[in-house]
Amino acid sequence: MNRLQEIFTTLFKHFGPQNWWPGDTPFEVMIGAVLTQNTNWNNVSRAIDNLKSYNLLSFETIENIPVEILAEHIRPSGYFNQKAIRLKNLLQAIRETHEGDLDAFFSASTSDLREQLLKVKGIGPETADSILLYAAQKPIFVVDAYTFRILSRHDLVEDGMDYHELQNLFMDSLPEDVALFNEYHALLVKLGKDFCKKGKPLCPNCPLENF
DNA sequence: CACCAGGCAAGTA
DNA sequence: TACTTGCATGGT
């Protein structure tokens with residue numbers, strides 16, 4: 001057992017399964033991945049509920065609805081004008097490359113799909129990897145602000161690592177397992193929210209105190 | 001009141 | 001290349 005494997009075991013024993021990603025379908029998970037950019041899930045959930053209650057949560061509907069109307073519905077998720085455009089950009093790319101067939105889009109290899117996603121304006125590394133892991137069920141590790149903060153605050157990595165370096169560290173230390181990557185990222189977010197808060201130098205009573 | 005949340009792109013030097 | 005800024009709602 002290496003260090004990152006031990007940390008996973010500790011977190012899982014402490015917090016239990018996090019049941020990520022909330023969403024009824026891969027499409028809904030993909031939409032949620034864009035809406036949750038720099039925003040808490042509570043606000044995203046409201047936006048998705050809006051779309052559902054007006055029966056707008058489908059590929060063709062979001063494709064065809066005027067962007068201003070889409071923005072109005074996703075307002076609670078914040079940055080709604082940007083995110084409306086980003087959703088349109090994403091669906092347009094899937095339309096152009098795979099005729100709007102999400103399963104076909106997700107059938108590409110992990111690296112090809114990642115490349116496709118990153119070409120979309122508004123999809124960066126974390127959103128791309130969230131879609132890969134949680135919607136397309138590809139074995140990729142999602143890195144986020146919590147991941148940096150937690151590892152750096154516990155002196156588990158040196159500062160200045162970039163997204164891919166941290167991602168590779170996890171992927172080189174862990175078996176390639178979708179369920180494991182799913183749970184691990186969710187557990188880091190949980191730990192971050194509960195103990196490893198922003199703007200504080202320490203994490204009192206953190207389950208990782210021994211590491 | 002201030003600060004933050006499951007980021008990203010564009011602008012500046 | 002390495003910062004900085006705009007985007008924006010809702011909870012604590």
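Select tryptophan 21 to begin: this residue is found in the loop between H1 and H2, where helices (H or I, at least four residues) and strands (E, at least two) are DSSP runs, numbered from the N terminus. The model is predicted, so local features need pLDDT of at least 70 and side-chain atom pairs count only at pLDDT 80 or more, whereas totals for chains, interfaces and linings use all residues. Residues are numbered from 1 along each chain as its sequence is written, while chains are lettered from A and ligands numbered from 1 in the order in which they are written.

**The loop between H1 and H2**

Display the backbone on the N-terminal side of tryptophan 21. Tryptophan 20 and tryptophan 21 are joined by a cis peptide bond, with omega about 0°. Next, select asparagine 19, which lies in the loop between H1 and H2. Although asparagine 19 is not a glycine, its phi is positive, at about 55°. Asparagine 19 counts as exposed because it has 9 C-beta neighbours inside 10 Å; the classes are buried for 20 or more other C-beta atoms within 10 Å of a residue's own, exposed for 12 or fewer, and partly exposed in between, with C-beta atoms placed from the backbone.

**The whole of chain A**

Now zoom out and colour chain A by secondary structure. Twelve helices and zero strands make up its secondary structure. Along the principal axes, the C-alpha atoms of chain A fill a box of roughly 55 × 35 × 30 Å. The radius of gyration of chain A is 18 Å, which agrees with the value near 17 Å for a compact globule of 211 residues; this radius is taken over C-alpha atoms, and the globule rule is 2.2 Å times the number of residues to the power 0.38. Of the 211 residues, 29% count as buried. Among contacts in chain A with a separation of 6 or more, 62% come from residues 24 or more positions apart; two residues are in contact if their C-beta atoms, placed from the backbone, lie within 7 Å.

**Helix H2 and the core**

Select glycine 32, found in helix H2 (residues 26–35). Glycine 32 is buried because 22 other C-beta atoms lie within 10 Å. Leaving aside residues up to four places away in sequence, glycine 32 touches Trp21, Gly23, Val44 and Ile48. Trp21, the starting point of this tour, is thus to be found among the contacts of glycine 32.

Move to alanine 33. Not counting residues up to four places away in sequence, alanine 33 touches Thr127, Ser130, Ile131, Tyr134 and Ala135. The largest nonpolar core has 45 residues, of which Ala33, Leu87, Leu90, Ile131, Tyr134 and Ala135 touch the most other members. The elements that give two or more residues to this core are helix H1 (3–15), H2, helix H3 (41–53), helix H6 (80–98), H9, helix H10 (145–153) and H12. Such a core is a set of buried Ala, Val, Leu, Ile, Met, Phe, Trp, Tyr and Cys residues joined through C-beta atoms within 7 Å.

**The loop between H9 and H10**

Select isoleucine 140, placed in the loop between H9 and H10. Isoleucine 140 counts as buried because it has 25 C-beta neighbours inside 10 Å. Its contacts, not counting residues up to four places away in sequence, are Thr110, Asp129, Leu132, Leu133 and Phe181.

Valine 142 lies in the loop between H9 and H10. With 26 C-beta neighbours inside 10 Å, valine 142 counts as buried. Valine 142 touches Glu126, Asp129, Ser130, Leu133 and His185, not counting residues up to four places away in sequence.

**DNA strand B**

Show DNA strand B with the residues around it. There are 27 of these residues, and Gln37, Asn40, Gly124, Thr127 and Gly199 come nearest. Helix H9 (125–135) and helix H12 (178–194) are the elements that give two or more residues to this surface. H9 gives the most, with five residues. A residue is near a molecule or strand if its C-beta atom, placed from the backbone, lies within 6 Å of it.

**DNA strand C**

Turn finally to DNA strand C, whose surrounding residues include Asn38, Arg75 and Tyr79. H6 gives the most to the surface near DNA strand C, with three residues. Select tyrosine 79, found in the loop between helix H5 (67–73) and H6. Its phi is near 45°, a positive value in a residue other than glycine. Tyrosine 79 is partly exposed, with 16 other C-beta atoms within 10 Å.
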